[in-house]
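Welcome! Take a moment to turn the model around on your screen, and then we can walk through a few of its features together.

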Amino acid sequence: MSYIPHTDNDIKEMLGVIGIKAVHDLFNAIPPDIRLKTPLNLPNELPEQELVREITNISRKNGNIEDYISFIGAGAYNHYVPSIVHHIILRSEFYTAYTPYQPEISQGTLQAIFEYQTLICQLTGMDVTNASMYDGASASAEAVLMAQRINSRPECLLSSALHPEYREVVKTYLGIRRDSIKEIPFCTETGATPVEAVERYIDKDTACVVIQYPNFFGSIEDLSAISEIVHKNGSVFIVVITEPISLGLLKPPGAFDADIVVGEGQAFGSALNLGGPYLGFFATKEGFLRNMPGRLVGETIDKDGKRGYILTLATREQHIRREKATSNICTNEGLCALTAAIYLTALGKTGIVNLAKINLCKMHYLRQRLKELKNVKPAFSSPVFNECVINLNEDGDTVIKSLLKQGILGGISLKRFYPQLNSHILLCATEMNTKEDIDMLIEELKELKNE
Amino acid sequence: MSSGLIFEKSSKGRRGISIPKLDVPDINPLDVIPHDVLRADIEGFPEVSELDAVRHFVNLSQMNFGVDTGFYPLGSCTMKYNPKVNEDMARLSGFSKAHPYQAPELSQGALQLMYELEGFLSEISGMDAVTLQPAAGAHGELCGMLMISAYVKAKGKPRKKVIIPDTAHGTNPASSNLAGFTVVTIKEGKGIISPEAVASVMDEDTAALMLTNPNTIGLFETNIKEIADIVHKKGGFVYCDGANLNALMGIAKLGDMGVDVIQFNLHKTFSTPHGGGGPGSGPVGVKKILEPFLPVPRIIKRGKRFNLGFNCPMSIGRLKAFYGNFGIMVRAYSYIRAMGPDGLKKASEMAVLNANYIMEKLKKAYHLPFDQTCMHECVLSDKVQSEKDVYTLDIAKRLMDYGFHPPTIYFPLVVPGAIMIEPTETESKETIDRFIAAMMTIANEARESPDIVKNAPQTTKIGRLDEVNAVKKPVLRWKP
Ligand SMILES: Cc1ncc(COP(=O)(O)O)c(C=O)c1O
């Protein structure tokens, strides 16, 4: 397959117009000593049918959540994706377009992003949202950088119950300034970030405090009390959300006076995809608009007064301010933002609330049944949404391995991220887990304990 | 057809898709979540039927121009055809329904694919090691510059400066700045950088030279090896923005030109769709000396088994949760396997042939600032037309009336009124001839009836939009 339309005759005619004899003359600007003399060492081309066979075979070496009963969450969630989502994102007018630099023929992308921006504002209770970031983790890092731009303070406080990989990404983005990051230890009893610890750690050098809601352990944090302390100190309050379905039930961070709300929008209709592409969302207060990274779509009118949409406020962006830009992001996750807009529209106002409630009920059924087990207990006392940590009094990795043999992806062992939690696993239950699945998990845990 | 917002089509109590029935005991959220954390309402959220939603988004799609709609010669963005089979491959359930935290023994297929893709990219670019983690080109630039920063820090002599020609893509200075460097700009008079210009600013405090090759004027940096020598002699690195690799596959390797780090834009060179603004994927390739600094995790092969490796003490860390935009990697892998070595070389040759053919024909009517063989894109300007008060923007808008997506305009900044055309190899001579004919007609119109061009577009559903108003009073969301 070559996907190239040129016939020998086309090539001859075109070379004639250019006034050269052979195609290789087009490359005369490349000095001969750096021109390749041999073909690239790559596998030979495949016709489509063989290509499909080969790649399908590779894909079969992978397990997936259709072959297993999965209780894994931890920042990537197994939710049902309605058919309408697939059908619409497969419209190639959407997916074969690019950044809408020419608004007159890109109103589809532009209006969809404008609607996406609105939906995220409504869910988070914030004023403005950008057109998307790479993922929840990089959005968190950009939020920290934005906080430093706002108040020019050097230090950042991250809750240790913020997703461990998000914390790593924040450190990477801060590069040589990573020493300025401090972590607030979580409470080993509640699994939440202790309000008094925030108070103890914060000072006049603190640019921002970053709290996940619900946090990595599934615990719902006390945003109200933390917000008050953060603002009393003049710092920026950043709330990170990895499971935004929770916003169907939980009060939005905006209601707790959060300054920046970022998170992962994968739960809104994107496939698990082994970790990407996902959707970083980024929302803030009106007053911080000009400090916000990323692209924005705004409403305006055309020369006849007709309403239309356009990329706006580009003065903050890399193609105008270059080294002074608020961020370097150019290609973002446009199609995932469209996916979220379709998904949320299809669910609608009652749908998202009901779905959130189903997630809550599944998790609490699971928690209820855990009580039957002698050696397994919920590890923390905080209220949870659809994730929780259990303590097995046994090596977490071993338990995960045994469950896998029974066809269950039994959450993730926390040992790799928190060495002290070596007998703990993080479980997630969503609308995809039937009562039977949960019962089976409980029975298997019982079996393990009898061995 | 109505283009109203979905919120305006909402009707209280209307429902879209059905929600599953509860098969576990119902609970009252108030019993398990404190009442002061429960939300009352999601104000303004849409309430529409499934059909309303489908029609709404299908109507929106019809107001959009994509590669599948027509010719999209957006320079620097490489809007080539996106093969459909790649979409099917990315949606195989073994790939799309795999959880990033499932055990490595369940992810052997995905890890194999990534491992092989890294190898393909190393071979194509002549680099020693590749990471697939960055999510887009600019993310790759940040990754590369952070690695250089970590290297100079590890050597105990943190260098502060990065030299960037003024022809560079805007993300280059922004990424360098984000990585903590100060940018030193060099001016480019003749279209390509001269070794003297680099030598005059290169010093012991300069960590890197960041350039694009082929550059954003569409020219090959002929002196690249000499330039790299100058930078290396003073202990600096050469970063090459590899977004324009579509001109070089199978023809020359950046690794053979003294380049130490590059980023690939899989969504350009390797045919993965741009999605109306992403997702992309921006792998980074490096020479051995920088390999220890690559982000974690790495993909490791031991015997026949693949795994993720975390034991990299010099690593800059992690740039993204989980691994990267895996779904995009599958598409790029599928493309490379379909093309093979000869296909990739042919793609570059035809991309360059198409660009030169357009340049040759259009230079009769449009000003060509650098009259020499170009690579896969060419840059013209509105110098001739502006005498009649017709500018690049007008020409771009008029192209829409003829059914084409306009080229990139006003970039690169060094060419006033730039029109940057990148046809790509997947366009046929017939399509290109039609585009040339339209450009020639516009040139005539600009001379004889300039108002037609200045009032374009006339055939689109929406006319020219008021940008100033959008900036002065930003309306960034719908409100009831
Ligand atoms: C030359 C060049 N460099 C870098 C980039 C940035 O890549 P991305 O948009 O994927 O972040 C682009 C594309 O926009 C480009 O054309």
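## A site shared between chains

A good place to start is the ligand: residues from chains A and B surround it, so the site is shared between chains. Please keep in mind that this is a predicted model.

Which residues come nearest to the ligand? Of the 16 residues around the ligand, these are Thr331(A), Ser76(B), Asp241(B), His267(B) and Lys268(B). Sorted by character, the shell divides into five nonpolar, eight polar and three charged residues.

## How the ligand is held

Let us look at some of the contacts. A side-chain N or O atom of Ser76(B) lies 2.5 Å from an oxygen atom of the ligand. For Lys268(B), an N or O atom in the side chain is 2.8 Å from a ligand oxygen. Ala138(B) takes part through its backbone: a polar backbone atom there is 2.7 Å from an oxygen atom of the ligand. The ligand taken alone exposes 380 Å², and the protein buries 99% of that.

Two elements of chain B, α6 (137–154) and α10 (266–269), are the ones that give two or more residues to the shell around the ligand. Which of the elements gives the most to this shell? The answer is α6(B), with three residues.

## Salt bridges in chain A

Charged side chains pair up in many places, and over all chains the structure holds 41 salt bridges. One of them joins Glu93(A) and Arg91(A), with 3.1 Å from N to O. Is Glu93(A) buried or exposed? Its relative accessibility is 19%, so Glu93(A) counts as buried, since the limit for buried is under 20%. Its partner Arg91(A) is partly exposed, with a relative accessible area of 24%.

Another salt bridge in chain A brings together the side chains of Glu443(A) and Arg369(A), at 3.4 Å from N to O. Glu443(A) belongs to helix α13 (residues 435–450) and Arg369(A) to helix α11 (residues 334–370), so this pair ties together parts that are 74 residues apart in sequence. Glu443(A) counts as partly exposed at 37% relative accessibility, whereas Arg369(A) is buried at 12%.

## A buried pair in chain B, and a network in chain A

In chain B, the side chains of Glu425(B) and Lys80(B) form a salt bridge of 2.7 Å, N to O. Where do these two residues lie? Glu425(B) is in the loop between β12 and α13 (429–448), and Lys80(B) is in the loop between α2 (50–61) and α3 (84–90), so the pair ties together parts that are 345 residues apart in sequence. Both partners are hidden: Glu425(B) is buried, with a relative accessible area of 1%, and Lys80(B) counts as buried at 2% relative accessibility.

Back in chain A, salt bridges that share partners join Arg369(A), Glu372(A), Lys435(A), Asp439(A), Glu443(A) and Lys446(A) into one network.

## A nonpolar patch on the surface

Our last stop is on the surface of chain B. Which residues make the nonpolar patch of about 260 Å² there? They are Tyr391(B), Leu393(B) and Tyr410(B).

Tyr410(B) sits in the loop between β11 (408–409) and β12 (418–421) of chain B. With a relative accessible area of 37%, Tyr410(B) is partly exposed. That value fits its place in the patch, because patches are made of residues with over 30% relative accessible area.

Conventions. Residues numbered from 1 in each chain as written. Chains lettered and ligands numbered in written order. Predicted model: local features only at pLDDT ≥ 70, side-chain atom pairs only at ≥ 80, totals over all residues. Heavy atoms only, no water. Patch = residues over 30% accessible without salt bridge, like charges linked within 9 Å, V, L, I, M, F, W, Y side chains within 5 Å. Areas by Shrake-Rupley, 256 points an atom, 1.4 Å probe, with all protein chains shown as cover. Salt bridge = Lys/Arg side-chain N within 4 Å of Asp/Glu carboxyl O. Helix = DSSP H or I, 4+ residues; strand = E, 2+ residues; numbered from the N terminus. Buried < 20%, exposed > 50% of the residue type's maximum accessible area, 1.4 Å probe, protein only. Near = heavy atom within 4 Å. Polar contact = N/O pair within 3.5 Å; in protein donor to acceptor, adjacent residues only side chain to side chain. Nonpolar A, V, L, I, M, F, W, Y, C, P; charged D, E, K, R; others polar.
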